[in-house]
Number of protein chains: 2
Amino acid sequence: MTKNRQFRIAARPVGMVKESDLSYTEEPVPNIGANQALVRTLYLSLDPSMRGQMENRADYVAPLAIGDVMRAGGVGIVETSNNSKFPVGALVSGTLGMQTHCVSDGVNPPLRVFDGDVDPVAALGVLGGTGMTAYFGMLDIGQPKVGDMVVVSGAAGATGSIAGQIAKIKGCKVVGIAGGPEKCAWLTDELGFDAAIDYKAEDVGARLSAACPNGIDIYFDNVGGEILDLCLARIATGARVVLCGGISRYNANGPIPGPKNYFNLVFRRARMEGFIVLDYAPRFAAAAKDIQAWMASGRLKHRATIVEGFENLPRALIDLFEGKNTGKMMVKV
Amino acid sequence: MTKNRQFRIAARPVGMVKESDLSYTEEPVPNIGANQALVRTLYLSLDPSMRGQMENRADYVAPLAIGDVMRAGGVGIVETSNNSKFPVGALVSGTLGMQTHCVSDGVNPPLRVFDGDVDPVAALGVLGGTGMTAYFGMLDIGQPKVGDMVVVSGAAGATGSIAGQIAKIKGCKVVGIAGGPEKCAWLTDELGFDAAIDYKAEDVGARLSAACPNGIDIYFDNVGGEILDLCLARIATGARVVLCGGISRYNANGPIPGPKNYFNLVFRRARMEGFIVLDYAPRFAAAAKDIQAWMASGRLKHRATIVEGFENLPRALIDLFEGKNTGKMMVKV
């Protein structure tokens with residue numbers, strides 16, 4: 001008999017998340033009721049924002065208790081259904097949770113249905129949460145104009161790699177900041193970034209100054225910390241600092257300093273703005289159409305780092321925070 | 001024979017500005033050339049932004065060298081004139097500098113001409129740089145809506161007191177943060193603020209939480225530092241943090257921490273934005289009309305702390321940083 005395999009929150013993480021912060025459980029695959037569908041998970045997404053949710057610091061979503069199935073985005077196939085919107089065999093995505101099976105009525109959790117020809121890896125990544133985050137963060141918050149100088153940190157990650165390419169499509173010059181020569185080569189050689197800075201090996205400030213002689217018009221921040229400060233020191237007049245994430249902060253022990261160069265926002269008449277992608281859900285379908293068109297014309301590429309095996313979810317989450325992924329980090333169930 | 005009395009930059013300040021950072025000089029009152037007017041200074045303005053200019057840290061204006069006449073806003077009377085736009089006897093304001101006489105062609109430095117019935121104290125304050133800063137900072141950057149919860153720091157200062165009243169005129173609830181019971185009483189009893197917090201005597205965080213149970217929609221920041229962090233921790237969804245000044249930073253020795261709670265901008269989908277009032281010069285006349293109408297109807301009040309005697313300019317600047325002023329700090333020449 002098939003079991004619903006799950007990972008639940010075992011402990012609030014302190015410092016770097018540990019495998020023991022999640023516990024493996026099994027329970028019977030649930031039966032569906034009226035209007036419900038049973039989704040069999042194909043891939044589950046690992047995202048930096050999971051860290052704050054495990055610690056219950058992310059108050060923009062419902063809190064998770066110890067013992068709850070860990071929240072996670074996923075893509076799957078409808079196995080049984082009492083809901084005509086989600087027919088058997090349909091490819092769907094949503095917050096399926098860290099489990100092999102999920103029951104939904106389409107509202108709880110909300111499900112998106114994809115055309116049959118969509119690659120599940122794309123549905124979870126470039127057309128999923130991280131792709132949407134890149135799209136709305138860059139376009140709505142960043143508001144790129146032709147010729148803008150754009151810097152993206154975490155640039156080889158799922159969100160950063162798409163955000164940078166969208167800026168290129170909008171006619172900007174784009175510099176990516178990533179960890180290691182392979183990631184940097186991917187950004188410039190395959191994705192068309194104008195430059196890439198290896199923060200592990202290079203002087204980020206000096207390279208930024210050289211690459212952005214007239215300052216930074218848009219800084220798309222996925223990391224926070226020192227790199228945010230280095231960019232704030234180099235913003236151009238009227239700059240937009242898009243606060244997307246702060247991965248350097250998430251696993252820190254103790255208090256984390258703020259950006260000491262924030263006051264340059266005054267001298268440069270600039271703004272720093274945060275957003276939560278969930279707010280844009282009504283526009284996801286339209287954004288996905290744009291992204292699919294860019295992919296079809298070869299202007300937007302995506303990559304995933306796929307870890308095989310449901311049991312490796314905790315390890316894959318740690319790998320994400322250690323920067324072992326290029327593009328979207330996911331587990332194949 | 002009348003002299004042009006001046007204060008010049010004698011040294012770059014380190015830590016709190018000292019009287020010896022400015023040096024007194026005299027020179028002959030200059031003759032005017034074609035198209036020029038000679039302005040005799042009536043009042044000179046003391047502003048927190050002077051500190052950064054003395055240290056040459058404020059790169060949004062031309063740098064000042066050691067030995068230069070210190071930059072200062074002022075209001076005066078045209079004494080002699082070869083320019084029909086500035087007739088003898090006209091009341092004018094502009095960056096006259098710390099001197100008793102200033103020559104201008106109307107462009108260098110730019111001069112504004114006021115109607116004869118305008119009080120020079122109002123021309124320099126509520127209709128001058130600080131009034132314009134309050135107007136554009138609150139309205140253009142803060143974008144107040146009826147019912148918004150607004151917090152203003154440095155609320156008894158020249159800019160804060162006007163910014164808070166403009167928010168009240170726009171239908172907001174307004175809490176001011178100021179130093180000392182007299183200033184706080186002025187805010188609530190005379191200016192109509194809904195509440196005032198004495199940061200020298202009260203628990204600012206607890207008072208903010210009580211006064212803003214649904215969070216802060218607009219925080220108009222004149223001070224930076226710990227108060228900025230306390231407000232960032234309490235912003236509402238969609239909040240605007242108007243970065244106007246950071247007086248707590250200006251005289252600091254050594255590195256100053258950034259706002260450690262900046263990441264709440266993400267959770268609250270909020271923005272933090274700086275501005276420089278000089279950018280709004282083309283709209284000053286229209287703003288002054290609004291402000292004069294509000295004053296005429298009794299909805300906007302202003303106050304000045306006037307130090308008598310040109311020779312007291314350095315001491316008045318220190319008094320400003322020590323918070324000895326209520327409303328606009330100026331010297332009567």
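## Two strands across the interface

In this predicted model, strand β13 (271-274) of chain A and strand β13 (residues 271-274) of chain B pair in the antiparallel sense, over three bridges. Strands here are DSSP runs of E with at least two residues, helices are runs of H or I with at least four residues, and both are numbered from the N terminus. Two strands count as paired if DSSP finds at least two bridges between them. Across this pairing, A:Arg271 stands opposite B:Glu273, and A:Glu273 stands opposite B:Arg271.

Within chain B, β13(B) has a second neighbour: strand β12 (residues 235-243) runs parallel to β13(B) and is joined to it by four bridges. B:Arg271 appears here too, as the bridge partner of B:Arg240. In a regular strand the side chains alternate between the two faces of the sheet. In β13(B), B:Arg271 and B:Glu273 point one way while B:Met272 and B:Gly274 point the other way, and all are buried. Buried means that 20 or more other C-beta atoms lie within 10 Å of the residue's own; exposed means 12 or fewer, partly exposed is in between, and the C-beta atoms are placed from the backbone.

## How the chains meet

A few conventions help with reading the names: residues are numbered from 1 along each chain as its sequence is written, and chains are lettered from A and ligands numbered from 1 in the order in which they are written. Because the model is predicted, local features need pLDDT of at least 70 and side-chain atom pairs count only at pLDDT 80 or more, while totals for chains, interfaces and linings use all residues.

The contact between the chains takes 28 residues from chain A and 28 residues from chain B, where two residues are in contact if their C-beta atoms, placed from the backbone, lie within 7 Å. On the chain A side, α9 (264-267) and β13 (271-274) each supply at least two residues, and β13(A) gives the most, with four residues. That side divides into 16 nonpolar, four polar and eight charged residues. The classes are Ala, Val, Leu, Ile, Met, Phe, Trp, Tyr, Cys and Pro as nonpolar, Asp, Glu, Lys and Arg as charged, and the others, Gly among them, as polar.

## Symmetry of the pair

A rotation of 180° with 0.0 Å of shift along its axis superposes chain A on chain B, with an RMSD of 0.0 Å. The two copies are therefore related as by a two-fold rotation axis. The C-alpha of A:Gly258 is the nearest to the axis in chain A, 2.1 Å from it. The superposition is by least squares on the C-alpha atoms of residues with pLDDT of at least 70 in both copies.

The interface fits this picture: 100% of the interface residues of chain A are also interface residues in chain B, so the copies meet through the same surface.

## Inside one chain

Chain A has 11 helices and 15 strands, and 51% of its 333 residues count as buried. Its C-alpha atoms fill a box of roughly 65 × 45 × 35 Å along the principal axes. Among the contacts in chain A with a separation of 6 or more, 67% are between residues 24 or more positions apart.

The domain assignment, automatic or from a database, gives chain A domain 1 (3-125 + 303-332) and domain 2 (129-277). Their C-alpha centres lie 28 Å apart, and their contact takes 18 residues from domain 1 and 16 residues from domain 2. On the domain 1 side, α1 (50-54) and β15 (328-332) each supply at least two residues. By class, that side has six nonpolar, nine polar and three charged residues.

## Covered elements and local backbone

In chain B, five of the six residues of strand β9 (residues 173-178) are buried, so β9(B) is largely enclosed by the rest of the structure. Strand β8 (residues 149-153) runs parallel to β9(B) and is joined to it by five bridges, with B:Ser153 opposite B:Ile177. Helix α3 (residues 129-142) of chain B is mostly covered too, with 12 of its 14 residues buried. Just after α3(B), B:Gln143 takes a positive phi of about 50°.

Two loop features of chain A are worth a look. A cis peptide bond joins A:Asn108 and A:Pro109, with omega about -5°, and A:Pro109 lies in the loop between β6 (101-104) and β7 (111-114). A:Asn35, in the loop between β2 (22-28) and β3 (37-45), has a positive phi near 75° although it is a residue other than glycine. With 15 other C-beta atoms within 10 Å, A:Asn35 is partly exposed.
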